[in-house]
Amino acid sequence: MKTAAESSAPSAEWEGPGCGRRRRFRWSELLWSIIFPARSHRIKPTLTGMVLISMALGIGSAAYNTASNILFITLSLLLACLILSGVMSWQNLRGVCWRLLLQPPLRAGQEAPVTLELWNRKALLPTHGLWFELSARPVPRGPQRPESTVTATSADIRAAFARREAEAMSGRLRLRERLDPDQQARLDWLFVPARRGVVRVELASVGSLFPFGFLSKNHGTRLRREAVVWPAPVAYRVLRPAAALRQSEGERVARPGSSDDLLALRRYQPGDSHRLIHWKASARLRQLLVRQFAAESAEGFSLWLQTPAAVWLRPEQFELLCGLACTLAEDLFTAGQLVLTAVNAEEPLPIRRVRDLESFLDRVAVLEPEDGDQRAEVSGQPAAPKPLGEGGRTEVRGQQVGDEASTAASASRPPFVMQRRNVITFAPEGVRGVAAFVDGNKTATA
Amino acid sequence: METRRPQLNLDELHQVRWLLGNGLALISIATVFYLEINAWVLAAAAGIVVLATLVRPTLPAHLPPLAHKLAFPFIVIFFAWDLYSTGEVLPAMIRLDLLLLLYRGGSYRKKRDDLQVIILGLFLVMIAGVLTVSLTFAVQILVFTAVTLAFLFVITLVEGIEGDPAAPAPASAAGVPAWARVRWRRLARRVRDVTDWRLLALGAGLFLGVVTVSALLFMAIPRFQLESSFFLERFMSKKSRTGFSDTIRLGDVVDIQQDNSVALRVDVSDPARVPVVPYWRMVVLDEYKNGTLRTSRRLQNEMLISAQQAPYAMGPARPPRAAAVFWTFYFESGISRHLPLAGPFYLLRFREPQWFQQQNMLLMLALRNEPVAMTAYRIDGMATDGFIPDRRFAGILQEARAATPDRGGAPEAADERSRPAYPLTTLGLPDRTDDRLTLRRAADEITAGAHLTPHDFAERASRWLREKHGYSLEVPAPAGGGDPVVAWMKTSQPGHCELFAAAFTLLARTAGLPTRVVTGFKGGDWNAYENYYMVRNSHAHAWCEVYDGATGWFRVDPTAGGGAVTTGQQNVAGGAANLQNADRSWGARLDSIRILWYRRIVNFDQRTQLALVQSLRDATNSFGAAMRYSFDRAWLSARMWLRRPWDVRRLLTWAGVVVGAGVALEFWRRAGRTWWWRLRGRHRSGRADPVRRRAGRWLQKLVGSRGSGDESRKVVAELQRLRYGPRAGWPEPAAVFRRARRAWRSGRRDVAHAPDGGGAAEP
């Protein structure tokens, strides 16, 4: 928990009753919200509340039947306690903001942390006993059909909803400590994404029994965040040693490193050695710039991922393909041997930085088998690459395939032609497996 | 650096929960002690167990598991046996409640057990309130509510931390939860550290708000007059004092006089109409035998037959012609089922429909059962002159005499059935002949052979008794056999009111005057704070009523030191005398709170509610007119004040006022506002600091100004350091502010000389 004095106004990420401009209080709105609460706001009596309501009904009946003012007093006190409970509950939630922070990378099958930050913006009153209902569900890929039709039976609708709910992961976070005025708190939630794709993490509601536990109040929120889930890493078997794959004429990789070759200039950052400051450039541009050297150039591989639907018929095999591609890309990047990646006929992406690799992983995370309208022309057969042709080069010609708009946009670009060595491609192996080929030679299987 | 307010951990919250739960049980158990129910032993046992476990929370761990298994069957069997043996539902339920509280207070509780403690406690408090209608209930329900809310608050906090309420608390190998090893002093220190006085004040304010809202709800809840009587009294019986029952023995009234508590409170709409010494009649005892006075069987039967359930009773008096005086009686329980009356009345209204018996001939009105709670009733048109009109009695007496054969002696042999019935009972004498002879001799001595009117005889007989006997509450038993009253008359020993009344009755009857003894209260204390009559049990009294032969009964008070003997010689200018002798003691002040409770709360009904609505409407209507009138007067006063000549003294006075206001305003700006911000907790972000606030104001002025660039930027940078930076790195604030002023002026000059005309001035 920390003091939130660094900023007096919440940024756009924050949501909750304490954010935004304070609306003018109107009795009509309050009464209307009691009669017709917002869609996601639910108030449910608890056991204590049921006891209180039953007691109030019993005492009220006895009071009217006996005209005993003692019973009327008791009834009045019970009702006043209910009002007090409502006021305190409203005060408890007033001025509280929350935001969701996702910490990428998210990877299928691995725990993903979600941080919920809370901020009590009240001046005097602390906040107690809130709980937060979180859910994470995969975002369906592609256009979606309705879950049911007009003619669907209730069983069908229930089954459809059950399927959707089965995909979702939910959790409850509790604010176990008092959140003092002008203080922030962080609550962490871990969930495990089941598969790659885009996952939507949502703060479904904020609930509370505060202060007396009469009513369970749920305040619905619209706070949601989406994140890309990378494929799960897969175990693969290398059929030929990597060293043997290296060709003398392989691609060379330039990335920041510690060699003597100057790669680029960048802005000075605290912690940089003063020896790296490029004084001339700094004087010219009136800001401190430091030299950035290149790493050892090394022979590299290009990874080309093709996903024609006609080839990748089995979904589980396709998932394995994505996992293998990502795993290989990461391993090669770690070894400093990944030069370039390409997905189908899309523009190849040179891999120089971590961010480039992440872009590739992001792309693979949402990758789907492509339909037959594949315009990429590949020398050799994509599904079963042949050994290298003349010069040991693989030729790639094509353009991005997508909707008409993107096709029209890419039509204005000249089709790219890529001729490289050490191009890794993939093909199904058997019913379940996937094989990786380097220039047509089977190199690894998963 | 600011230190964060600590928080109680889970164990400490459990300890507070335990403290509040057992405290709640103790508050509830305490109600039994003033409930006057035979459950004191059980209540004491429950109190001791709950208190012991409250102090030592490890004790419940020593209870063997078998005890928990047997507890519920035992409690059920006990309740069944209790109900069967006593036959009273309500006391049995209260004892059952106590047993459950004992068990719950003496064992570790889960959440549902805590709720059970609250319900059991509320039942006890509510029953005590309903049965006693006591002011204590008001205090107790408020304390109970406050503790319950705190208890539920802590339960909610515990549940919020534990998450799963069904999860059992971690216990050690010996079955003792970790939190049970309490060190109360340490806990008290922790609670003190955790408590913020502002939140405490806010909590107190909220609770005050609850009380206010509940008071408003109490007044606003619509009332309907349902024709049903109070139901709890059916499940419980209560015994009253014997001094105010149908049969009393000599000395019973004196026993009541030992008690100084207030038995009756009387509100009068016109205090001037209250007699100096009012007599509150309760029981008429027309039959006398061997030291025992009682209401004769015939009259008792007539009372029984007259039982009815109604919200009001019609009296023998006619409707009042002049402005009616309303008498509101608040008669405490446990005294009698006979209601005190000052005289013949026109109409008596109860708060709710009541079962009652009425004998207009005797002017007696009694509830069918002993009231278990305070009884409130209002009387319209009540005479207080001590005269009970009864023109029929002479005829009835004559008929009875004619119908009764003369037994001609040997009265000792007469059995119960052959004894004379009313109205002959008003002439009944002791059975023994020698007692009658004694009485005859005394009567002759009083009359001295003359034929006296009833009033004269009453006067002389009372004087004769007063001369012969003094007044004392301690009366030794008279020696010898025979009738005790006659035996006392033979001596010169002092006596109490019952002896005087009984002796006078026998003397008057010997003289042939129908006479009866009346018990009730005499006098009272006028409460100076709320203007009502407080009649205490020590005002219990016995006196006589003598038939005047034609029109009715007049009151005679023969007791020595009792003031005027007969009616008509007193009860004048009562209001003024009462106000002069009003009780202004602390006891009266405390008692006035009770009458407020009775007036405003207990006696609040549909009629009062309508009157309240009407008064609110009237007040609202008159408020506007009053405001307009006040404004007109203030405006006129201001104009007149301005027109008065201004001299030096006046000028100096007002100059002083203006300067004082300025100083106060400056003080508020310098210190008061900082204090207010600190109070609101904004000091955390540093905004309460006057230097930071001043720097913020200058920043607002300078940011965006068109002043000279470098100097303005430097000043802004330094102001930002003052506004946001750590105090250790501050530049000299005064110098920075001077430079800021110069920069701002320079900026204004630049703007003024700008080619485009300058535009608007900076803020």
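This report walks through a predicted model of two protein chains, A and B.

Some ground rules come before the tour. Residues are numbered from 1 along each chain as its sequence is written, while chains are lettered from A and ligands numbered from 1 in the order in which they are written. Since we are looking at a predicted model, local features need pLDDT of at least 70 and side-chain atom pairs count only at pLDDT 80 or more, whereas totals for chains, interfaces and linings use all residues.

**The two chains**

Let's start with the elements. Helices (H or I, at least four residues) and strands (E, at least two) are DSSP runs, numbered from the N terminus. Chain A has nine helices and 23 strands, and chain B has 22 helices and 16 strands.

How much of each chain is buried? A residue is buried if 20 or more other C-beta atoms lie within 10 Å of its own, exposed if 12 or fewer, and partly exposed in between, with C-beta atoms placed from the backbone. By that count, 35% of the 446 residues of chain A are buried, and for the 763 residues of chain B the figure is 37%.

Next come contacts: two residues are in contact if their C-beta atoms, placed from the backbone, lie within 7 Å. Take the contacts in chain A between residues at least 6 apart in sequence: 74% of them join residues at least 24 apart. In chain B, the matching share is 76%.

**How sure is the predictor about chain A?**

The score to know is pLDDT, the predictor's confidence in each residue, from 0 to 100. Chain A averages 78, and 77% of its residues score at least 70. Among its elements, strand β5 (residues 112-120) has the highest mean, 92, and helix α9 (residues 404-411) the lowest, 38. The pLDDT is below 50 over residues 373-417 of chain A, a stretch that has 69 contacts in the model beyond near neighbours in sequence.

**Where the chains meet**

The contact between the chains takes 38 residues from chain A and 47 residues from chain B. On the chain A side, the elements that give two or more residues are α2 (47-66) and α3 (69-93). The largest share of that side, 13 residues, comes from α3(A). What kinds of residues are these? Ala, Val, Leu, Ile, Met, Phe, Trp, Tyr, Cys and Pro count as nonpolar, Asp, Glu, Lys and Arg as charged, and the others, Gly among them, as polar. The chain A side divides into 21 nonpolar, 11 polar and six charged residues.

**Two helix pairs in chain B**

Two packed helices are described by the angle between their axes and the distance between the axes. Axes are lines fitted to C-alpha atoms, for helices over the stretch in contact, and angles run from 0 to 180 degrees between N-to-C directions. Here are two pairs side by side.

| Helix pair | Angle | Axis distance |
|---|---|---|
| α3 (residues 65-86) and α4 (residues 89-105) of chain B | about 160° | 9 Å |
| α1 (residues 10-31) and α5 (residues 111-132) of chain B | roughly 25° | within 8 Å |

Angles under 35 degrees count as roughly parallel, over 145 as roughly antiparallel, 65 to 115 as roughly perpendicular and the rest as oblique. So α3(B) is roughly antiparallel to α4(B), and α1(B) is roughly parallel to α5(B).

The residues where α3(B) meets α4(B) include B:Phe78, B:Phe79 and B:Leu83 of α3(B), with B:Leu96 and B:Tyr103 among those of α4(B). That contact has 12 nonpolar, one polar and two charged residues. For α1(B) and α5(B), the count is nine nonpolar, four polar and one charged.

**A few residues to look up**

A:Ala112 lies in strand β5 of chain A and counts as buried, because 22 C-beta neighbours sit inside 10 Å. Leaving aside neighbours within four places in sequence, its contacts include A:Leu106 and A:Phe191.

Try A:Arg286 next, in the loop between α6 (279-285) and β14 (289-293) of chain A. A:Arg286 has a positive phi of about 60° although it is not a glycine. Is A:Arg286 buried or exposed? With 6 other C-beta atoms within 10 Å, A:Arg286 is exposed.

B:Val133 also has a positive phi, about 45°, and is not a glycine, but B:Val133 counts as buried, with 26 C-beta neighbours inside 10 Å.

Last, look for a cis peptide bond from A:Pro104 to A:Pro105, with omega near 5°. Another joins B:Tyr422 and B:Pro423, where omega is about 10°.
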